[in-house]
Amino acid sequence: MDVTDVASARQRPVGLVELARIPLRRWRIVLASAALVLAAVLAYLFVLPATYTGTTAVVVRPVVTDPFSVPSGGADRAVNMTAESGIATSNDVIDKVAGITGRDTKEVADALEVETPVGGQVMRFSYAGHSEREAVDGANGAAESYLELRKGMYENQRAAVLKSYDDTIDLVTAQRTTTQRSLPANQSSSNPSPRTSALLDQLRALNDQLATLAEQRSKVASADLSPGSVTSAARTPVPSSRDAAPLLLVAGLLGGLLLGGLVAFVRESLDRRVRTAAEAAATIGAPLLGTVRYRRGGQQDESDLRYLVLALGRWVDGPQRTPLVVLSSATDEGREQVTAGLAAVLAAAGHDVRLGVTPESLDRIRPLMLDAQRRHPPVEPTRSRPLPRPRPVPATTPATTAAGPEDTAVIPAVRKPRPFPTAAEAKNGAVYRSTTTPEDKTEIIPTARSAADGAATDGQELRIGTGKVRLVDLDGTSSEALTVLDAPPALHDERGVRAAREGRALLVAARDRTRTGQLTQLVDRLRAVGVEPVGFVLTGDGRD
C-alpha cells in the first residue's frame with residue numbers, strides 16, 4: 001500500500017453508525033452534561049422561589065375632540081406607541097408600583113415588562129412577583145399608574161392651551177374695546193369718514209378673531225382626555241414558573257443529552273484515537289495480524305495469542321529467524337503484555353525463545369512470565385523407551401495354558417499418568433524432571449532452582465511447558481535463536497527502531513487509547529529509516 005492508497009483510505013466517508021458510536025463511547029460525558037442541566041432545572045424549580053406573572057392589557061386612545069371619530073391612517077400613527085412605552089416604564093410609574101407592592105424600585109424595574117405590538121394600540125403590562133397577590137397588584141397598579149400619569153399629562157397640556165387661548169382672547173377683547181372707544185359718537189353711518197371706516201374694519205377683524213379664538217378654545221375644552229382603558233385586568237390564578245415543571249424537566253433532560261452529545265463530538269474531534277481495525281490499518285498501511293482481547297480478570301485471551309503466532313508462522317518456522325521487534329507509540333497500549341504472551345505461547349509450543357527487554361520494563365514483564373509459567377508448568381519432553389521383556393509364567397499355571405514362545409501373550413507395563421505440581425509448588429516456580437524407577441514407574445522429581453531464577457539479572461531462564469524463555473538485555477540479543485524484543489516506546493526511545501532495522505517490526509495499537517496522531521508519527525519515523533512494519537496487533541475489548 002503506497003502513500004496515495006493510505007491517504008485515500010484515511011478520507012473514507014463516515015457513516016451514521018460511527019457517528020452514533022461517539023456519544024455511546026463517551027457516555028460519561030453525555031450523562032454528566034445531562035445531569036448538570038437537569039440539576040440546574042431542579043434548582044430553578046425547587047430551590048429558587050417561584051415566580052408568579054400577572055398580565056394586564058390596556059387600550060391606548062388618542063386625544064380627540066370627537067370620541068366617536070375614527071383617526072385617519074394606522075393606529076400606530078394616531079398614537080406614538082414608542083413614546084407611550086417610555087411613559088409606561090418611567091420613574092413615576094415604577095415609584096407608584098413600588099409603593100403598592102412594597103418592593104425596591106430596582107426590583108420593580110426588573111420585574112415590570114411592557115409589550116407594545118407593532119401596528120396596534122394595545123399595551124400589555126407583565127409583572128413578576130413572589131406571590132399571586134403581588135403579581136396581580138403589580139400588573140394592575142402599573143396599568144392604572146400609567147393611565148393616571150397619561151391623563152394628568154393631557155390635563156396639564158389642555159390647561160396650558162386653554163390659558164394661552166384665554167390670554168389671547170383677553171388681549172383681542174382689550175384691543176376691540178380700545179377700537180370701539182376710538183369711534184366718533186356723532187359720525188353719520190351713511191357717509192363715514194376714512195378714519196371711521198378704518199376703525200370699523202379693524203373692529204370687524206377683531207370680532208372675527210375673537211370668534212375664531214372662542215371656537216378653538218371650545219374644541220380644546222371639549223377634547224376627550226382619557227388616555228385609554230383597562231380591557232383585561234390581572235386576577236388570580238396567575239401562571240407561575242412551576243406550572244410547567246414536567247415539561248421543563250423533560251426539556252432539561254433532552255437539552256442536557258444534546259449538550260453532552262455536542263461536547264462528546266468536540267472531544268472526539270480534538271482527541272482522535274484508534275477506534276476500529278480499519279482505522280488502524282488505514283493509518284499504519286500494514287495488515288492486521290491479530291486482535292488480542294482481554295478477559296474479565298485483565299488477562300489476555302490465550303487463543304488470540306495462539307492465532308497471532310499462526311499469523312507469524314513464516315517468521316517462526318522460516319530458515320532465517322530475524323528478531324521480532326514489538327513496537328508501540330506509548331507505554332499503556334498493552335505492548336509488554338503482547339510480547340510476554342507471544343514468548344509464553346511459543347515456549348509452551350516447545351520453542352526456546354530469547355526475550356529481549358529493557359531494564360526499566362524487566363520488573364513488569366517478569367511477573368507476566370511467572371504467571372505464564374504457573375498456567376503452563378514445565379514439562380520434560382517425552383522420551384521413547386523399549387518395551388519391557390515378558391515375565392516368565394509361574395509354575396502353578398495349568399498346562400493347558402502353556403504354549404510356545406510364539407503364543408505367549410506379552411503384557412506391556414502400564415505407564416501411570418504424570419502427577420502435576422501443586423499450586424504452591426507451581427507458584428514458587430519449581431522445575432520438575434521425570435525419572436523411571438526399577439518398577440517401571442514414572443516419577444516427577446523437583447530439581448533445585450538456581451539463584452539466578454529469582455534474581456532480577458540478565459540471562460534469567462524460565463521453563464514454560466516443553467520450551468523455555470530466556471530473559472536477556474535488549475541490546476544483547478544477537479543470536480540465531482527465536483528472538484522477541486520488547487522495544488521501549490518508539491516516539492521517545494530510538495533503541496527499538498534501531499533494532500527493527502535488523503529484524504521485523506510488529507506494531508501494537510490499543511483500541512480507544514492509541515492516538516491517531518502518535519501512531520502516524522511512529523509509522524512515518526519507521527519508514528523514514530527504512531523499516532516497513534510486517535503488520536500490527538490491535539488490543540482492546542474485541543468489538544469492531
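Is the crossing of α14 and α15 left-handed or right-handed? I looked that up first, and it is right-handed (clockwise turn of the near helix from the far one by less than a right angle; anticlockwise would be left-handed).

A note on the source: this is a predicted model, where local features need pLDDT of at least 70, side-chain atom pairs count only at pLDDT 80 or more, and totals for chains, interfaces and linings use all residues. Residues are numbered from 1 along each chain as its sequence is written, and side-chain values use heavy atoms, without hydrogens or water.

**Helix pair.** I found the axes of α14 (residues 335-348) and α15 (residues 359-375) coming within 10 Å and crossing at roughly 40°. The two helices are therefore oblique to each other (not under 35 degrees, over 145 or 65 to 115). Contact (heavy atoms within 4.5 Å) involves, among others, Ala 340 and Ala 344 of α14 and Ile 365 and Leu 368 of α15.

**Aromatic rings.** My search of the whole structure gave 1 aromatic pair (ring centres within 6.5 Å). The centres of Phe 125 and Tyr 146 are 5.8 Å apart with planes at 40°, so the pair is tilted (neither under 30 degrees, stacked, nor over 60, edge-to-face). Phe 125 sits in strand β3 and Tyr 146 in helix α8, so the pair ties together parts 21 residues apart in sequence. Both residues are buried (under 20% relative accessible area, 1.4 Å probe, protein chains only).

**Backbone.** I noted a cis peptide bond from Thr 236 to Pro 237, with omega near -5°. Pro 237 is in the loop between β4 (228-232) and α10 (245-270).

Definitions and conventions
Helices (H or I, at least four residues) and strands (E, at least two) are DSSP runs, numbered from the N terminus. Rings of Phe, Tyr and Trp (its six-membered ring) pair if their centres lie within 6.5 Å; planes under 30 degrees apart count as stacked, over 60 as edge-to-face and the rest as tilted. Buried means under 20% relative accessible area, exposed over 50%, partly exposed in between (1.4 Å probe, protein chains only). Axes are lines fitted to C-alpha atoms, for helices over the stretch in contact, and angles run from 0 to 180 degrees between N-to-C directions.
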